[in-house]
Amino acid sequence: MRSYWWKKAVIYEIYCKSFYDTDGDGLGDLNGVYEKLPHLAELGINCIWFTPIYVSPQFDNGYDVADYSDIEPTYGGMTAFKRVLDRAHELGIKVVMDMVLNHSSDKNKWFQESRKSKDNPYRNYYYWREGNDGKEPNNWANYFKTGNCSAWNYDETTGEYYLGLYGQFMPDLNWECKELREDVYRMMRSWLDLGVDGFRLDVITKLKKPAGLPDSTDIEWANGYHYFSCDCQEGLHEIIHDIAKNTWLLPQYDAFGLGEASGIRPDNGIDYLLPENEELDILYHFQIVNRAIAPCKPDYYKQVQKGWTDLLPKGICVTQHLDNHDQPRLISRFGNDSEEYRKKSGKMLAMMTHMMPGTVFVYQGEEIGMINSYHDTIDEYNDRYTVGNYNDGLRKGLSAEEAIKALWEVSRDNARRPMPWNGGKNGGFTEGTPWLALDKHYETINLEKDKESVDSMFKFYQKLIGMRKKYDSMTEGDIEYYAFEDKQIVAFKRECKTDILFFVGNWSNEKVKFTLPPELKWHTFEVVLSNFKDANYKTITREMEPWDAAIYKLKLN
Ligand code: GLC
């Protein structure tokens, strides 16, 4: 039976490799997660999402899966995982796995078999094609810009090319193949049977490839090859429905399917979410975080949120997140990471996010207000996009310094640097040599120091997460926006039968005047949470300092 527990959840994303190392090899591990479960319980989250922790050569830090049925030995293997799973459940924390179904690693047994001969039983698990006059079958580029940047890779054994939208080490799986589907469903059910509570489905909108795999007419991406998003091709609904009904929708489970959904907007997204279609429970869309480097402005943010809330039937979920393992840190990107405003802007953005309708995500380190960290040499980076684009920059004539600086703000490593638990050696992350250089700010921005400070981010997140359990309006209330056209203020009300909350925040570095909407004038405003002193409402119009924000409980006079 489905209890829809995720509708009220706050999900904490763990990038295991960078979380906490207990055996001194410089890599985070599952025993480390086990030891830090009290931290998560104290924070108040009720679900963990693990980015992939399966056996993997780690070309893309686990998103290249070599064995979907087993846990990476350097993380502690299956024994360590079961220990975490059981303890998390005892603490009332659910556990969600990342399922990478668009591609596997080239080290996966399926692919190893597939490349052996044209009549191998696994051949059709992947996309194999003959060359086109001695060239690749089409002009698609790979996103990571690896090798010669094509999405096709020539394999000498059989003299054909295989498709890898993420490069030669991550061959794309062929969802037209019935046997592949059955193998995948068996494997996913085995995780559910073990007790996991759902799946985050990696790049789910790319599973369907267009018939005939035509050339892309999109921009030239690198080295003469063209970008091809492959998002939301016709026939994708059938695949997602088939996965859902063979796995998490089976009546014996109470699990969800969350789709990482690039290319999704409200108009093309709603069909994936309608319960009668039996597809996804939650959509993780990118309308806000995928704005490349251009900062997302408050008016755009409001339009996107309203776009979803106007269209979605009540109780249907999108996610609320500003941080994840693929994005620069939220404060550096959407807020202000100066010493003066780091915490204040972080709190403003956190209040706004947690007050929005949908399932909220917190990414490790967000709860202590981590910010971007810029490093001078490519050796201090690992992310495939960063390395690929760096090499592309050099190919195009940039100097090493120019190539690296161009990537500072966008590198996914901004989010992947080890979690600093304290200000000591390696931020308390490892006794060994960390697999990736620590964030440069770890001596000042770390959990221990944060908790001791009067304006602790951790304690603020704790309150905010606690509020979701207390105020139903935060999770199920209707939403009404105010000052919708305003370019700095975000203000809205959430209302349900039991309570009414009102959020107002100044999303800017300037002072701004905000006048209470007339219809709210007859209410009393009780401050529930704020990031500035004297948040009480004494006048109809108030001058808000940069990043001032507060949540009020409203009562009719
Ligand atoms: C998703 C993951 C990202 C990964 C990519 C390929 O976008 O979040 O980290 O590199 O898929 O699997």
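A crossing of two helices is right-handed if the near helix is turned clockwise from the far one by less than a right angle. In the predicted model described here, α9 passes α14 in a crossing of this right-handed kind, and the crossing of α4 and α5 is right-handed as well. These two helix pairs are described below, together with the barrel and the open sheet.

The chain contains 15 helices and 22 strands. Its radius of gyration is 24 Å, close to the 24 Å that the globule rule gives for 557 residues, so the chain is as compact as a globular protein of that length. Taken along the principal axes, the box filled by the C-alpha atoms is roughly 75 × 50 × 50 Å.

Strands of a sheet pair through backbone hydrogen bonds, in either a parallel or an antiparallel arrangement. Parallel pairing is found in the barrel, which eight strands close in the order β1-β2-β5-β9-β12-β13-β14-β15. From one strand to the next, the twist averages 25°. Within the barrel, β9 (residues 198-201) is joined to β12 (residues 256-261) by four bridges in the parallel sense. In this pair of strands, Leu201 stands opposite Gly259 of β12.

Helix α4 (residues 178-194) packs against helix α5 (residues 236-246), the axes coming within 9 Å and crossing at roughly 40°. Angles under 35 degrees count as roughly parallel, and α4 and α5 are therefore oblique to each other. On the α4 side, the contact is made by Arg181, Tyr185, Met188 and Arg189, which meet Glu238, Ile239, Asp242, Ile243 and Asn246 in α5. By residue class, this contact of α4 with α5 divides into four nonpolar, one polar and four charged residues.

Antiparallel pairing is found in an open sheet of five strands, arranged in the order β16-β17-β18-β22-β20. The edges are occupied by β16 (478-482) and β20 (523-530); each has a single partner strand, so one side of each is left without a neighbour in the sheet. Neighbouring strands of this sheet are turned by 25° against each other on average, direction ignored. The edge strand β16 pairs with β17 (residues 489-495) over five bridges in the antiparallel sense. The bridge partner of Tyr482 in β17 is Ala491.

Two helices are placed against this open sheet. Helix α7 (residues 298-311) lies across β16 and β17 and runs at about 150° to β16. Helix α9 (residues 342-355) also packs on the sheet, where β17, β18 (500-506), β20 and β22 (549-556) are touched by this helix. The direction of α9 makes about 145° with that of β18.

Besides its contacts with the sheet, α9 packs with helix α14 (residues 457-470) at an angle of about 15°, with the axes 11 Å apart. An angle of this size makes α9 roughly parallel to α14. As stated at the outset, the crossing is right-handed. From α9, the residues Lys343, Gly346, Lys347, Ala350, Met351 and His354 meet Met457, Phe460, Tyr461, Leu464, Ile465 and Arg468 of α14. The residues of this contact of α9 with α14 divide into seven nonpolar, two polar and three charged.

How values were computed:
Residues numbered from 1 in each chain as written. Predicted model: local features only at pLDDT ≥ 70, side-chain atom pairs only at ≥ 80, totals over all residues. Heavy atoms only, no water. Pairing = 2+ DSSP bridges. Axes fitted to C-alpha atoms, helices over the stretch in contact; angles between N-to-C directions. Contact = heavy atoms within 4.5 Å. Parallel < 35°, antiparallel > 145°, perpendicular 65-115°, else oblique. Nonpolar A, V, L, I, M, F, W, Y, C, P; charged D, E, K, R; others polar. Rg over C-alpha atoms; globule rule 2.2 N^0.38 Å.
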